[in-house]
Number of protein chains: 4
Amino acid sequence: MEGFKMEQKKKSKQELRSEETKRSIAEAAGKLFTERGYDTVTMREIAKEANCSHTTIYLYFKDKEALLEQLAIPPLQTLEAAFVSVMNQESLDPTGKLKEISRDFLRFCLSHRSMVTVIFNVKSVRVDEVNPTGEVNQLRTSLFSYLTESVNRIIPADTSEERINQTRIYFFVMNGMVSTYLNSEEPLEPLLERIIPLLDQSIEIVLLGMKHKLEQAQEPVNGQAKGQKDKEKSKKDKKQKDKQK
Amino acid sequence: MEGFKMEQKKKSKQELRSEETKRSIAEAAGKLFTERGYDTVTMREIAKEANCSHTTIYLYFKDKEALLEQLAIPPLQTLEAAFVSVMNQESLDPTGKLKEISRDFLRFCLSHRSMVTVIFNVKSVRVDEVNPTGEVNQLRTSLFSYLTESVNRIIPADTSEERINQTRIYFFVMNGMVSTYLNSEEPLEPLLERIIPLLDQSIEIVLLGMKHKLEQAQEPVNGQAKGQKDKEKSKKDKKQKDKQK
Amino acid sequence: MEGFKMEQKKKSKQELRSEETKRSIAEAAGKLFTERGYDTVTMREIAKEANCSHTTIYLYFKDKEALLEQLAIPPLQTLEAAFVSVMNQESLDPTGKLKEISRDFLRFCLSHRSMVTVIFNVKSVRVDEVNPTGEVNQLRTSLFSYLTESVNRIIPADTSEERINQTRIYFFVMNGMVSTYLNSEEPLEPLLERIIPLLDQSIEIVLLGMKHKLEQAQEPVNGQAKGQKDKEKSKKDKKQKDKQK
Amino acid sequence: MEGFKMEQKKKSKQELRSEETKRSIAEAAGKLFTERGYDTVTMREIAKEANCSHTTIYLYFKDKEALLEQLAIPPLQTLEAAFVSVMNQESLDPTGKLKEISRDFLRFCLSHRSMVTVIFNVKSVRVDEVNPTGEVNQLRTSLFSYLTESVNRIIPADTSEERINQTRIYFFVMNGMVSTYLNSEEPLEPLLERIIPLLDQSIEIVLLGMKHKLEQAQEPVNGQAKGQKDKEKSKKDKKQKDKQK
DNA sequence: GATGAATGAGCCTTCATTCAT
DNA sequence: AATGAATGAAGGCTCATTCAT
């Protein structure tokens, strides 16, 4: 009141109100994006949900895209923190850690359905804009490196290439689960309850498969047969390609 | 009767022109849909790409949706034919068949990227329109049943639930691969060359994993340890949930 | 065949075919215009109904408007002929003639519903085009003069102005009946059966009213009272005008 | 409580601007609809006439149809109020009342020319939409019932059918006048000045005619001659019908 | 800080009409 | 004579965004 600012410490009424507005917009946008997807939701709808004018949104967010982006950062940070926390949990073995962060990751993706598309799609990494999603990109990279690292710690692969491929397969499973259930209309919690066991099982199977695959590889007798099959098929691929068009 | 003419043989210039136009529209639409998605692409853009007026498109396709559908049907039919052909190929064992149709499927998805979203997404199965994509739906169902059946023939699962779950895991991998490379900017052929081995490997690993998982299940000693870990984690899940919102 | 033309007399096959096409277009257009109105009907619909290409229409009619116009001429001519025939029918007294041509007129209007709008609307007399509907206008004028004349022969009005006004009233009734039933969905014949007695009655009433009105006018005592009422009302008119806006 | 403010009194500049815009849109639409009809006028034209963007129109009116409807309601209400006021005017005898509301009605129709088509045409009563013009329909019904009732009070008809027919004839005259002058390019006021006497005269004549018609009916001697004439004519009707097609 | 007013770009679609065969 | 191919103009409408208060 009497010209005596607490520099950052105490926020003025206006500042508080401002933050509240921004928060309510973000919340509304998050809710609607999640429910109905980015494209389908209009700025006016967000405003209505946030109980403010649609023009107010532009006070806090440059445009619709920026809104989405900003919306993504906090959850991503939370997720990253969760990852770190798991990695530091000494009571868990590497497999346990992998399962745990995989669960966190799945939960995150299905909790922020619409954002996933934007966050993890190639689109947001388009090169035609200079660092379009700087912080988002950083976070994403960080998250993926946790996952990658976590997989790599488990698999005793000999060559780097083998390791990379195996990591990829792990990602296929994760990506596949997310894609599969991204558009599900089932409410989040029951859905997760249902599919987290599936996730665990999948990870177990994949890890088990990788392990035995590596053992096989050390017994060249089996490996050869496989190689032949592949060659047969690649011929057929060529033909197939011409037909489809 | 007399001199029976093959009237169908020679097409008039006009017919040729017409076909060429239709083809070029379909091509343009396919390209743009693939590159940028159904919703984003406008009829005028398609027309420009096809070097015709946007009204011309309506000469050949009822509306935008019909355009997409017509674009999707022939490739889907080709793919189905390929599936059938593989299934009838006696020289292949069940695993060989699964790998083969998986390759076909992957190739198809990446050759018709954008359509994949529309064809395989839940959205296109909306029930609020009368038979909106009748034929497309049928084809899709058929394709999936081939894949499912093909997986089921390999896995010696005891219970039906186990079988279903394992099929799901297979689909996660497939879905994951498709999702992962759907937006890749790499040209199709090199891309496929690169990832088909990965697909084969993934299938092998998953099948191998499933096999050993089943064996494990019959040795309850190992199963117990795992059970404990799971319980620890599910506690953490609850907390996590509250933070994210 | 042998280079021996009958000048106009015998029509070549082509000419016959051509006439048939034109006729079938006109018929189709007439039918559709009548059923659904000028604006709603498209050239392609007319073509489909006429079993020809929509471009063919342009061979015979400059454009859609011309089509409508040409469509109007023959029925108008028929109607005019009917008028003439009635006027020459010696067995009918003036009132009988008026009733008769009024019936013909009503029947015509309701048989060619959609055209009526174009034929009798002020629009088609727009001054911004040079003689836009030459022949149609002529016919129309002729028809109206028959009606006018027919009314005038009955009424023993003293002044020309009185006569004109009385003619107008007759036209209001006619116009009113046509307007009222123009959009009726009742089939033509039952409709006419139903309303022609009404037409007769209306004419009788109007003629009767005119007759007695004239008689009244020759007894100034009553006329005065009327004049007063009118003045009262015209004051109110002024106020009313300002409110509505 | 304290100093109770008449908040409604002073409108902010913005509110004023908004109202002005809405008004100018309504005015423009009214003018254009009147001049050229509902279908022919485009939203963009209205916008241009109202000096605003066509999108602005959608700020104030849901769509084109709503625009028309909103345009129609206030004048109809005014007209209804005028009817009520006349009916309560004790100084007027039934005939005076009929004349008065007829004048109001005519004035209304010619003041809102284009809307008349939409408001009073059968088309706008289509049942295939749920209460499309609810209030408009109600008002219209109310207006007509005032007119009907007003006519019925004057005519001493014996049977209900006679009464109905006579009411119809009255409506033909009204409808005919409106139709006749609906498209007149003459400015409203001079036009009304010119034709309101005509309206009065018409009503007088029709009422007079009806009165004497009824008297005639009670003297069967005259009635017979008329009956004969009618029969002659109905024969000719049949022939006429076949020619016109 | 917040908002209502206003807009331009753009979307899908239809139609009368012309062009080339 | 007749037609299929093709098109420009236009229509109603929505949306993200800016302007001025």
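**Exercise 1. State what the record says about residues 19–79 of chain A, and describe the backbone there.**

Solution. The unreviewed UniProt entry annotates residues 19–79 of chain A as "domain: HTH tetR-type"; such positions are given in the numbering used here, feature names are shortened, and annotations may be inferred rather than shown by experiment. In this predicted model, local features need pLDDT of at least 70 and side-chain atom pairs count only at pLDDT 80 or more, while totals for chains, interfaces and linings use all residues. Residues are numbered from 1 along each chain as its sequence is written, chains are lettered from A and ligands numbered from 1 in the order in which they are written, and side-chain values use heavy atoms, with hydrogens and water left out. Over residues 19–79, chain A is 79% helix and 0% strand (DSSP runs, with H or I of at least four residues for helices and E of at least two for strands, numbered from the N terminus), and the end C-alpha atoms are 23 Å apart.

**Exercise 2. Characterise the protein surface near DNA strand E.**

Solution. Begin with the count: 42 residues surround DNA strand E, where near means that a heavy atom of the residue lies within 4 Å. The closest are A:Thr56, A:Tyr60, B:Thr42, D:Thr55 and D:Tyr60. Sugar and phosphate account for 57% of the atoms of DNA strand E that come within 4 Å of the protein.

Next, take the polar contacts (pairs of N or O atoms within 3.5 Å; within protein, one must be able to donate a hydrogen and the other to accept it, and residues adjacent in sequence count only if both atoms are side-chain atoms). The side chain of A:Thr56 places an N or O atom 2.5 Å from a phosphate oxygen, whereas D:Arg44 has a polar side-chain atom 2.7 Å from a base oxygen, and the side chain of D:His54 has an N or O atom 3.4 Å from a base nitrogen.

**Exercise 3. Identify the side-chain contacts made to DNA strand F by B:Thr21, B:Arg44 and B:His54.**

Solution. For B:Thr21, a side-chain N or O atom is 2.6 Å from a phosphate oxygen of DNA strand F. The other two residues reach base nitrogens of this strand, with a polar side-chain atom of B:Arg44 at 3.0 Å and one of B:His54 at 3.4 Å.

**Exercise 4. Locate C:Pro197.**

Solution. C:Pro197 belongs to helix H9 (residues 188–217) of chain C. C:Pro197 and C:Arg103 are 94 residues apart in sequence, yet their C-alpha atoms are 9.6 Å apart in space.
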